[in-house]
Amino acid sequence: MAGEQGADQAAHTPDVEESARQELLRLRASIDNLDAALVHLLAERFKCTQAVGRLKAVHELPPADPAREIAQIARLRRLAEDAHLDPAFAEKFLNFIIDEVIRNHKAIAQEQQARP
Ligand SMILES: O=C(O)C(=O)C[C@]1(C(=O)O)C=C[C@@H](O)C=C1
């Protein structure tokens, strides 16, 4: 497991003060929890977008909605700035996810079209 691996790596880091070792372990435990939360959040988001993909396929709507994406990116950049996160990173991250969603939408539309 990633958490155990992180703990092992800290445990085997030579020449590190005990207090630094403890701090590293504590931070890594939080990172592991946050990574787990991110996976769960992404899984929920993809459940929603799968449903959107089916809806779009059935109603023959285009997989991408560029106007919606522009609004989402503007909103996310604002949220990132408020949260002291690099807005360029937030935009790249959203685009990465949306690219995958559009790929899934296209696959769902193709399956729908192949149906007799
Ligand atoms: O809202 C939509 O229409 C979606 O298909 C979802 C989504 C997204 O992942 O947020 C994906 C593709 C679109 O271009 C815009 C947004």
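At what angle do α3 and α4 pack, and how far apart are their axes? In this predicted model, the two helices pack at an angle of about 140 degrees, with their axes 8 Å apart. The helices α3 and α4 are therefore oblique to each other, since only angles over 145 degrees would count as roughly antiparallel. The crossing in which α3 passes α4 is right-handed. On the α3 side, the residues that meet α4 are Glu69, Gln72, Ile73, Leu76, Arg77, Ala80 and Glu81. Their partners in α4 are Pro87, Ala90, Glu91, Leu94 and Ile98. By class, this contact comprises seven nonpolar residues, one polar residue and four charged residues. An α-helix has 3.6 residues a turn, so residues three or four places apart point the same way.

The overall architecture is helical: the chain contains four helices and zero strands, and the order of elements from the N terminus is α-α-α-α. Of the 116 residues in the chain, 3% are buried. Where contacts link residues at least 6 apart in sequence, 51% of them join residues at least 24 apart.

Helix α2 spans residues 18-58 and has 41 residues. From its first C-alpha to its last, α2 reaches 60 Å, close to the 60 Å expected at 1.5 Å a residue. Within α2, the C-alpha atoms of His40 and Ala57 are separated by 26 Å, the two residues being 17 apart along the chain. The number of buried residues among the 41 of α2 is three, so the helix lies largely in the open. These buried positions are Gly53, Lys56 and Ala57, and α4 is included in what covers them. His40, also in α2, has 10 C-beta neighbours inside 10 Å and therefore counts as exposed, the limit for that class being 12 or fewer.

A second helix pair is formed by α2 and α4, whose axes come within 9 Å and cross at roughly 40 degrees. That angle makes α2 oblique to α4, and the crossing is right-handed. By class, five nonpolar, six polar and two charged residues make up the contact of α2 with α4. From α2, the participants are Thr49, Gln50, Gly53, Arg54, Lys56, Ala57 and Val58. In α4, they meet Val101, Asn104, His105, Ile108, Ala109 and Gln112. The buried residues Gly53, Lys56 and Ala57 of α2 are thus among those that meet α4.

Helix α4 comprises residues 87-114 and contains Glu100. Glu100 has 13 C-beta neighbours inside 10 Å and so counts as partly exposed. Glu100 and Phe46 are separated by 54 residues in sequence, yet their C-alpha atoms are 9.5 Å apart in space.

Helix α3 covers residues 66-82 and has 17 residues. The distance from its first C-alpha to its last is 24 Å, close to the 24 Å expected at 1.5 Å a residue. Of its 17 residues, the number buried is zero, so α3 lies largely in the open. Residues of α3 nevertheless meet α4, among them Ile73 and Leu76.

Two residues with positive phi occur in the loops that flank α3. Glu60 is located in the loop between α2 and α3 and follows α2. Its phi is near 50 degrees, a positive value in a residue other than glycine. With 9 C-beta neighbours inside 10 Å, Glu60 counts as exposed. The loop between α3 and α4 holds His84, which follows α3. For His84, phi is near 60 degrees, again positive in a residue other than glycine. His84 has 6 C-beta neighbours inside 10 Å and therefore also counts as exposed.

Key. Residues are numbered from 1 along each chain as its sequence is written. This is a predicted model: local features need pLDDT of at least 70, side-chain atom pairs count only at pLDDT 80 or more; totals for chains, interfaces and linings use all residues. The expected span of a helix is 1.5 Å times one less than its number of residues. A residue is buried if 20 or more other C-beta atoms lie within 10 Å of its own, exposed if 12 or fewer, and partly exposed in between; C-beta atoms are placed from the backbone. Two residues are in contact if their C-beta atoms, placed from the backbone, lie within 7 Å. Axes are lines fitted to C-alpha atoms, for helices over the stretch in contact, and angles run from 0 to 180 degrees between N-to-C directions. Angles under 35 degrees count as roughly parallel, over 145 as roughly antiparallel, 65 to 115 as roughly perpendicular and the rest as oblique. A crossing is left-handed if the near helix is turned anticlockwise from the far one by less than a right angle, and right-handed if clockwise. Ala, Val, Leu, Ile, Met, Phe, Trp, Tyr, Cys and Pro count as nonpolar, Asp, Glu, Lys and Arg as charged, and the others, Gly among them, as polar.
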